[in-house]
Amino acid sequence: MADLTQQEWQEQLANDTNAVILDVRTQDEVDEGHIPDAKHIDIFLGQGFIDEVKKLDASKNYYVYCRSGGRSAQACAVMNSVGFESTYNLMGGFSEWQGAKTN
């Protein structure tokens, strides 16, 4: 797992042809807006989160975010523990996101 600043996350994502954006917030938070093309799996699902993550392609690079960066850091650690090698945490999360958003 790597913690990336908002700028680093956007720049690396823009140049990554093997990228998947993963939103680990609650459905209510997602309904308020999200980064376009993000896949949503709520980390508060507990074992359900792990079960859903295991269905993902571990060969991809995952750019993970939440509201402020805490839950996404946890999600990256969980993903790494089940075999994902490339996870990137968005420091500051969606609350500081300056890139494209959908409402």
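Here are some notes on this predicted model, mostly on helix 4, the cores, the cysteines and a few individual residues.

1. Helix 4 is a good place to start. It covers residues 70–81, twelve residues in all, and at 1.5 Å a residue they should span 16 Å. The end C-alpha atoms sit 17 Å apart, which agrees with that figure. Just after the helix comes Gly83, which has a positive phi near 110°.

2. Which residues of helix 4 are buried? They are Arg71, Ser72, Ala75, Cys76 and Met79. Looking down the axis, the buried residues of helix 4 fall within an arc of 145°, so they line one face of the helix. As for what that face meets, the buried residues pack against strand 2 (19–23), helix 2 (27–31), helix 3 (47–54), strand 4 (61–65) and strand 5 (87–90). Note that an arginine and a serine are on the buried list, alongside Ala75, Cys76 and Met79.

3. Next, the nonpolar cores. Nonpolar side chains tend to be buried together in soluble globular proteins. Here the largest nonpolar core has 15 residues, and the members that touch the most others are Val24, Phe49, Tyr62, Val64 and Met79. At least two residues each come from strand 2, helix 3, strand 4 and helix 4. Helix 4 gives the largest share, three residues. There is also a second, separate core of eleven residues, with Ile21, Tyr63, Tyr88 and Trp97 among them.

4. Two of those well-connected core members deserve a closer look. Phe49 touches Val24, Ile41, Asp42, Ile43, Ala75 and Val78, once residues up to four places away in sequence are set aside. Met79 is in helix 4 and counts as buried, at 0% relative accessibility. Leaving out neighbours within four places in sequence, Met79 is in contact with Leu22, Val53, Leu56, Tyr62, Val64, Phe84 and Thr87. For a sense of scale, the C-alpha atoms of Met79 and Gly92 are 20 Å apart, with the two positions 13 residues apart along the chain counted as their separation.

5. On the cysteines: how many disulfides does a search of the whole structure find? Zero. Cys66 is in no disulfide, and the nearest cysteine sulfur, in Cys76, is 9.3 Å away. From the Cys76 side, the closest cysteine sulfur is that of Cys66, and 9.3 Å is too far for a bond. Both residues are buried: Cys66 has a relative accessibility of 1%, and Cys76 has a relative accessible area of 0%.

6. Is Glu29 buried or exposed? This helix 2 residue is buried, because its relative accessible area is 15% and the cut-off is under 20%. A polar atom of the Glu29 side chain lies 2.8 Å from the backbone nitrogen of Thr26. Beyond neighbours within four places in sequence, Glu29 is in contact with Arg67 and Arg71. Arg71 is also one of the buried residues of helix 4.

7. Arg25 is another charged residue to check by eye. Arg25 lies in the loop between strand 2 and helix 2, yet it is buried, with a relative accessible area of 3%. Its side chain makes a polar contact with the side chain of Asp23, at 2.7 Å. Leaving aside neighbours within four places in sequence, Arg25 is in contact with Val30, Gly33, His34, His40, Asp42, Tyr65, Cys66, Arg67, Arg71 and Phe94. Two of these, Arg67 and Arg71, are the contacts listed for Glu29 as well. Arg25 and Val82 are 57 residues apart along the chain, and their C-alpha atoms are separated by 20 Å.

8. Last, Ser68, in the loop between strand 4 and helix 4. At 38% relative accessibility, Ser68 counts as partly exposed. Its contacts, apart from neighbours within four places in sequence, are with Gly92, Gly93 and Ser95. The C-alpha atoms of Ser68 and Ala19 are separated by 21 Å, and the two residues are 49 apart along the chain.

How values were computed:
Residues numbered from 1 in each chain as written. Predicted model: local features only at pLDDT ≥ 70, side-chain atom pairs only at ≥ 80, totals over all residues. Heavy atoms only, no water. Helix = DSSP H or I, 4+ residues; strand = E, 2+ residues; numbered from the N terminus. Expected span 1.5 Å × (residues − 1). Buried < 20%, exposed > 50% of the residue type's maximum accessible area, 1.4 Å probe, protein only. Arc of directions from axis to C-beta. Contact = heavy atoms within 4.5 Å. Core = buried A, V, L, I, M, F, W, Y, C linked by side-chain atoms within 4.5 Å. Disulfide = S-S within 2.5 Å. Polar contact = N/O pair within 3.5 Å; in protein donor to acceptor, adjacent residues only side chain to side chain.
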